[in-house]
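I opened the model to look up a few local features and the surroundings of the ligand. My entries follow in the order in which I made them.

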Amino acid sequence: MTVNTQPTTETPDPRAFGLPLVEGGSLPAELHSLVSSVHDLIDAVGNTRADTETLAEAAATVRGLTDRLDVDRRQVGTMVTRDLGDGTTEIGTITNIVAGDTNPAAPRLALMRTPEGMRAEVTLNTIYQGPPGLVHGGWIAAMLDQAVGSVSSVETSPGLTARLEIDYRRPTPLFTPLEITSWVERTEGRKVYVAGRIRAHGQVTAEGKALMIRVEVPE
Ligand SMILES: CCCCCCCC(=O)SCCNC(=O)CCNC(=O)[C@H](O)C(C)(C)COP(=O)(O)OP(=O)(O)OC[C@H]1O[C@@H](n2cnc3c(N)ncnc32)[C@H](O)[C@@H]1OP(=O)(O)O
C-alpha cells in the first residue's frame, strides 16, 4: 500500500507562475452541459450517415455556434481544481485531453483517491476507436499516463513524464466499463516510479510503468 507522504497543499499555486486558477466547483452547470452535449456531438458526427442536406445544415449551425462561443477564450494553461473525493484536491489544466473538465474530446477521466493510489471508471465510445470495436493503443497510453501522472502529483508533487512503458495484455473494448488504477511504487529524490493498470470485466488489458520527474519550483 502506498502511503500518502505529502498533502496536496504543497502543490505550487499556478497563479504564482502567471497561470489562471479556476475553482472546479465554480464552473457553471450550463458549461458542463455544453461540454457533454458536444462530446455526444463528436460521436454523432463520427458515425452519422445523414443525407448531404442535413450535413450542410449541421455544418452551418456548428460554424455559427463556434463563432458565437469563440469570442472570449481562456488563457492557454488555465488550471482548475478537482475534488479527489477524500477532502483533497488536485490541480490540472482545464482542457487536459484525458481529464479536462471543459474538453469535449476528453473522456473526462475522474480519478479519485484510494488507500492504494487512484482509481477511475470510464466507458469509451467510438471517438477512441483504434482496431474495430477496440480502444486505440495511444489512448490506452494517454489514460495510463494521466493516471500515473496524477497519482505522482497528488502523493508527491507535480512532475512531467520522462518515461512511459505500456504492456498491452488483451484488447481493450469500447462500450465496456474500464477500471483504471494507479499507484506510486517508490521515489528517489525528484524521480517518482509509478505504475497503473486498466481492467475490463475484471481482466487486465493493459499495464503501464512510468518515471515522473518532479518539477523544481524556484523559491
Ligand atoms: C495532474 C496532472 C497529471 C498530468 C499527467 C500527464 C503527464 C504528461 O503528459 S507530461 C508531458 C510529457 N512529458 C514531457 O513533455 C517531458 C519532456 N521531458 C523533459 O521536460 C525533461 O526531460 C524532464 C523534465 C522530464 C527531465 O529533465 P530535467 O529536469 O533536466 O532532469 P534530468 O536531470 O534530465 O533527469 C533527472 C533524473 O531522471 C533521469 N531521467 C530523465 N529522463 C529519463 C528517462 N527517459 N529514462 C530514465 N531516466 C531518466 C536522469 O537520468 C536523472 O537521474 P539522476 O538524478 O539519477 O541523475
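Where is His201 found? I located His201 in the loop between strand S8 (191-200) and S9. I note that the model is a predicted one.

Entry on backbone angles. I looked up phi of His201 and read a value near 50°, which is positive in a residue other than glycine. I then checked the surroundings of His201: 11 other C-beta atoms lie within 10 Å, so I recorded this residue as exposed. For Arg108, phi is likewise positive, near 50°, and this residue too is not glycine. I placed Arg108 in the loop between S3 and strand S4 (112-113). With 19 other C-beta atoms within 10 Å, Arg108 is partly exposed; 20 would have been needed for a buried residue.

Entry on the ligand. I listed 15 residues around the ligand, of which Gly149, Leu160, Ala162, Arg163 and Ile213 come nearest. The elements that give two or more residues to this shell are strand S3 (89-93), helix H3 (137-155), strand S6 (159-168) and strand S9 (203-214). I sorted the shell by class and obtained 4 nonpolar, 6 polar and 5 charged residues.

Entry on H3. Which element gives the most to the shell around the ligand? I found that H3 does, with 5 residues. I computed the reach of H3, which has 19 residues, as 27 Å from its first C-alpha to its last, close to the 27 Å expected at 1.5 Å a residue. I also looked up its burial: 14 of the 19 residues of H3 are buried, so the helix is largely enclosed by the rest of the structure.

Technical notes
Residues are numbered from 1 along each chain as its sequence is written. This is a predicted model: local features need pLDDT of at least 70, side-chain atom pairs count only at pLDDT 80 or more; totals for chains, interfaces and linings use all residues. A residue is near a molecule or strand if its C-beta atom, placed from the backbone, lies within 6 Å of it. Helices (H or I, at least four residues) and strands (E, at least two) are DSSP runs, numbered from the N terminus. Ala, Val, Leu, Ile, Met, Phe, Trp, Tyr, Cys and Pro count as nonpolar, Asp, Glu, Lys and Arg as charged, and the others, Gly among them, as polar. The expected span of a helix is 1.5 Å times one less than its number of residues. A residue is buried if 20 or more other C-beta atoms lie within 10 Å of its own, exposed if 12 or fewer, and partly exposed in between; C-beta atoms are placed from the backbone.
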